[in-house]
Amino acid sequence: MKISPFVALSLSLFILPIQAAETNYPDLPPHAQVDAALSGHINVLNAETGVRIEQVNQRKWESGNYEFNLRAGSAHRQVVNVDQNLKEWDVALERPLRLINKVMIDSDIGEEVVTRANFALGDARHEAGRTLLHLWFNWQREQVQVTQWQQQVDNLTQQALTTEKRLKAGDAPRMELSQANAAVAQATVSLHQARMRAELAGNELIRQFPLIVLPSRLEPSEPLPIAENFNYWKQTILNDNHELEMVRSERRIQQMLAQRSRADRLPDPTVGLRYSSEMGGNEKVTGVYLTIPISFGVRSANAENAEYQAQIAGDREIAVQRRLEGDIYAAHTQALSSYQIWLQAREAAASIRQNADLVSRAYSLGESNLSETLTARRLALESALAESLMRLDANEARYRLLLDAHQLWTSDAEPHGAH
């Protein structure tokens with residue numbers, strides 16, 4: 001079925017704002033700040049240094065450990081019955097030579113160690129992103145509690161003023177005014193405690209990520225449902241996972257080291273050039289010599305040991321993949337459940353808040369007592385706070401899933417793709 005240009009344009013105008021809102025993430029720090037903060041995290045900087053170290057190691061693998069050796073010596077020759085001492089000397093230049101198959105294996109190992117370091121860098125950046133996301137929502141939770149307790153203090157203060165008016169009018173006993181003022185004092189203490197926790201949470205965030213600027217005010221963002229099923233998230237995360245790629249690279253390195261040990265059963269020869277002056281300089285000797293080590297089981301033992309190391313690396317890869325599958329299931333389940341819990345908490349908070357407003361209005365009209373009003377206010381606060389915290393939990397769980405799938409805070413510097 002063909003779609004007219006007008007309909008296509010209308011659909012695009014409708015979809016673009018949704019995509020823009022999805023990409024901007026108003027309840028998260030700006031992407032530029034996040035990118036700079038993650039790049040400046042100490043673990044990421046150390047991982048970048050690790051990449052440079054492995055690049056140096058790559059040159060070492062490609063050049064090999066062998067060096068030229070210069071040998072020199074001198075001697076005196078004494079001819080029997082002639083009473084003649086002759087000075088002699090010799091010099092030799094030698095170097096072990098790697099067999100061609102070992103040169104190729106070493107080159108592959110050098111390339112793979114750099115690949116592993118790059119995946120370690122990506123994993124360090126990803127873990128830093130997880131830490132930033134966790135600290136950011138911790139700070140938001142404390143800020144929400146500050147806001148809720150501030151509203152509670154304002155509401156209870158207004159309630160105390162209403163009680164004072166009723167007291168002056170003779171419609172309320174003095175004990176109710178004391179109760180109202182006590183409720184204000186208790187809420188004020190909780191407000192100060194919430195502010196202290198928010199300050200500590202913000203300080204922890206800034207301490208680890210100094211480039212993040214904490215906004216003075218945050219707009220609440222309603223959670224979005226998880227659209228795709230578990231299999232989608234499992235495949236998406238596993239197909240581009242730095243930790244899994246890192247252990248896979250380690251397994252490949254161990255396999256190549258085992259291959260290198262097997263190849264090393266055939267020793268590398270040492271080739272040398274020799275020049276000597278004998279018989280007091282009357283004889284000049286030039287020659288080439290070849291040295292081949294003879295092993296008595298050490299090389300075979302090293303090869304067998306490398307095989308076991310490769311097996312351990314393969315088992316470690318399987319263990320990491322199984323753990324990741326469990327983590328993905330837990331993250332997906334948490335994202336789904338958190339969203340449903342938030343929906344229920346929102347409905348409950350709306351009903352309890354409406355009931356609190358009715359009880360408060362009834363008290364102002366003299367139709368209810370202060371204890372019922374304060375209880376309704378307390379329940380309204382608890383339900384509103386629970387709804388706000390559930391909203392943050394749902395948002396964090398969804399963002400955590402997006403982050404693990406590399407659909408949040410992506411960077412072009414990260415290595416991608418499975419081998």
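These are my notebook entries on a predicted model, covering its sheet, three of its helices and its nonpolar core.

**Entry 1, the sheet.** I began with the strands and found that four of them form an open sheet, in the order S1-S2-S3-S4, with antiparallel pairing. Strand S1 (69-79) and strand S4 (283-291) stand at the edges, and because each has a single partner strand, one side of each is left without a neighbour in the sheet. I also looked up how the strands lie against one another: neighbouring strands of this sheet are turned by 20° on average, with direction ignored.

**Entry 2, S1 against S2.** I then asked how many bridges join S1 to strand S2. There are eleven, S2 spans residues 84-96, and the two strands run antiparallel. As one example to find on screen, I noted Leu-70, whose bridge partner in S2 is Leu-93.

**Entry 3, helix H7.** Helix H7 takes in residues 242-263, which makes 22 residues, and from its first C-alpha to its last it reaches 31 Å, close to the 32 Å expected at 1.5 Å a residue. At the start of H7 I found a side-chain oxygen of Asn-241 that comes to within 3.1 Å of the backbone nitrogen of Glu-243. I checked burial as well: 16 of the 22 residues of H7 are buried, so this helix is largely enclosed by the rest of the structure.

**Entry 4, helix H6.** For helix H6 (residues 230-239) I wanted to know which residues are buried, and they are Trp-233, Ile-237 and Leu-238. These residues cover an arc of only 115° around the axis, which means that they lie on the same side of H6.

**Entry 5, the nonpolar core.** The largest nonpolar core has 44 residues, and those with the most contacts inside it are Leu-28, Leu-132, Phe-209, Ile-212, Tyr-399, Leu-408 and Trp-409. Several helices give two or more residues to this core, among them H6 and H7 from the entries above, as well as helix H5 (174-208) and helix H9 (370-404). Which element gives the most to this core? It is H4, with eleven residues. I kept in mind that nonpolar side chains tend to be buried together in soluble globular proteins.

**Entry 6, Val-44.** My last look was at Val-44, which lies in helix H3. I asked whether Val-44 is buried or exposed, and with a relative accessible area of 1% it counts as buried, the cut-off being under 20%. The C-alpha atoms of Val-44 and Ala-128 are separated by 7.6 Å, although the two residues are 84 residues apart along the chain.

Definitions and conventions:
Residues numbered from 1 in each chain as written. Predicted model: local features only at pLDDT ≥ 70, side-chain atom pairs only at ≥ 80, totals over all residues. Heavy atoms only, no water. Pairing = 2+ DSSP bridges. Axes fitted to C-alpha atoms, helices over the stretch in contact; angles between N-to-C directions. Expected span 1.5 Å × (residues − 1). Buried < 20%, exposed > 50% of the residue type's maximum accessible area, 1.4 Å probe, protein only. Polar contact = N/O pair within 3.5 Å; in protein donor to acceptor, adjacent residues only side chain to side chain. Arc of directions from axis to C-beta. Core = buried A, V, L, I, M, F, W, Y, C linked by side-chain atoms within 4.5 Å.
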